[in-house]
Amino acid sequence: MNIYEKMMSIDRRILFILIAVSVIIPLLKPLLLPINVTKEVRHLYEFIDSLKPGEAILLSLDYDPSTMAECHPMALGILRHCFGKGIKVMVTSLARPEGLGTAEMALTQAAREYEKKNGEDYVFLGYKPAPGAVMLSMGENFRLAFPNDYYGTSMEDIPMMRGIKNYKDLKIVITISGSGIIDTWVIYAGGRYGVPIGAGVTAVMATDYYKYLQSGQLVGLLGGLKGAAEYEKLIRHPDMATKGMDGQNMAHLLIVFFIVIGNIGYILGKRAKSTKGK
Amino acid sequence: MRRQIPLAITFIGGVVMIIQYFIPHQISQEIYRGVLDWQMIVGGFVLVLGIGSLVTHHTEKVKRQKEGWGYSLVALLGLVMMAIAGLFFGGMASDKPFMQIFIYAQNPIQATMFSLLAFFIASAAYRAFRARSFIATLLLLAAIIVMIGRVPIGAKIWSPIRVISNWLLDYPNMVAKRAIGLGVGLGMLSTALKIILGIERSYLGGGK
């Protein structure tokens, strides 16, 4: 095997070790590089920031532990922003039953930080199968889909729910998701009932949703850990996403470095072969 | 009759729901709410069917001691354990066994599985992104620009890369995604019409 072939076929175990090192070291010793805020994140932040205390939003935490690393910091960022401004939050989790656990974790943590009370400052509706039908039902009346909250309290006995019937009584629906459920929210809640929609998605999914930003079907979009870190910067509460960005910086650089090495090997190897042939 | 009745139900249901959408009368709204209720009930049954199918599949595997039956046994035990924890040990509050198992077992397992993707993506990107042709070179350059432009260090290395990366996402990427979205939307519309009109019948099963 000549040098060019070696450049093109580095052992994957070496790659794996270097990726692990590139992620772990910055976590232990942060670089704290400045984070630039993109317009799609700023738009969502500004929309929530413009709401008045006492106004309500629906936050659908449609992710499970597999995508938690990217989605959980987004959920915490939005909850902290809302609780900090006195905005009431209805929380649901419609994509998968496992999402209930992660949603409860985020909600409990943010509520504890801001000393918010269940039933007065927030309501956790929980999970129901058939998300499309649930979204449409909530457009008519939240009580159709959720007669009780997650903890079994009747909606009639929840003080926060007084005066909240359907999407018309909310300022925005925000979905944080690791699946394609955003399309369903945009079509059913946004399209049919006209409620503004905001979204947070994993980085690999983000490119799919720029079309909704341009058409105005999404108010704003948080894409991956970077989007979460930008939101943390805007609310001035750096946390997990900001710490994680250093690791992502190094990992991206490393991957690009290996791609370049592989291509140099490929191009030079090809050139050497053709010179030999002549 | 076994085919005609489902076809008639589909046709009537489809047409009624289309007409209903354009009539804001109270009766029309009542029909709509009734259909939504039914949809959620059917959704609940789907969940029951899923659990039933999972139990049958894994029980069969354990009984016949097929390859990997040990994993099936773990899956069944997990299912039973979570159901018992949720039903008999204080429900789903965060300090009860159900949530504790979720936080300390399921959570790290699922997160670990997904984290492995980072390593495989790194290895796949290194092997797949080769400048073999003009199109492949374009893909390679776009990938490098977006990968570097989306992280803070990109702007430190070369500040315009952030602008180029955003432009790639806002225009070429969006144009392609919108074209795909329109195609999918039109496809869904025509398939829905074909099902309502009884032209597409594969959902009835039975082969042809």
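Biologist: Which residue in β4(A) is the bridge partner of A:Asp62?

Modeller: In β4(A), A:Ser177 is the bridge partner of A:Asp62. Strands here are DSSP runs (E, at least two residues), helices are runs of H or I with at least four, and both are numbered from the N terminus. This is a predicted model, where local features need pLDDT of at least 70, side-chain atom pairs count only at pLDDT 80 or more, and totals for chains, interfaces and linings use all residues. Residues are numbered from 1 along each chain as its sequence is written, while chains are lettered from A and ligands numbered from 1 in the order in which they are written.

Biologist: How many bridges pair β1(A) with β4(A)?

Modeller: Two strands pair if DSSP finds at least two bridges between them. β1(A) and β4(A), residues 173-177, have 5, in the parallel sense. β1(A) also pairs with β2(A), residues 88-92, parallel over 5 bridges. There, A:Leu59 stands opposite A:Val91.

Biologist: Is β1(A) buried or exposed?

Modeller: Count neighbours. Buried means 20 or more other C-beta atoms within 10 Å of the residue's own, exposed 12 or fewer, partly exposed in between; C-beta atoms are placed from the backbone. In β1(A), residues 56-62, 7 of 7 residues are buried. One side carries A:Ala56, A:Leu58, A:Ser60 and A:Asp62, the other A:Ile57, A:Leu59 and A:Leu61.

Biologist: How many residues does each chain give to the contact?

Modeller: Residues are in contact if their C-beta atoms, placed from the backbone, lie within 7 Å. Chain A gives 50 residues and chain B gives 46. On chain A's side, α12(A) gives the most, with 14 residues.

Terms used:
Two residues are in contact if their C-beta atoms, placed from the backbone, lie within 7 Å.
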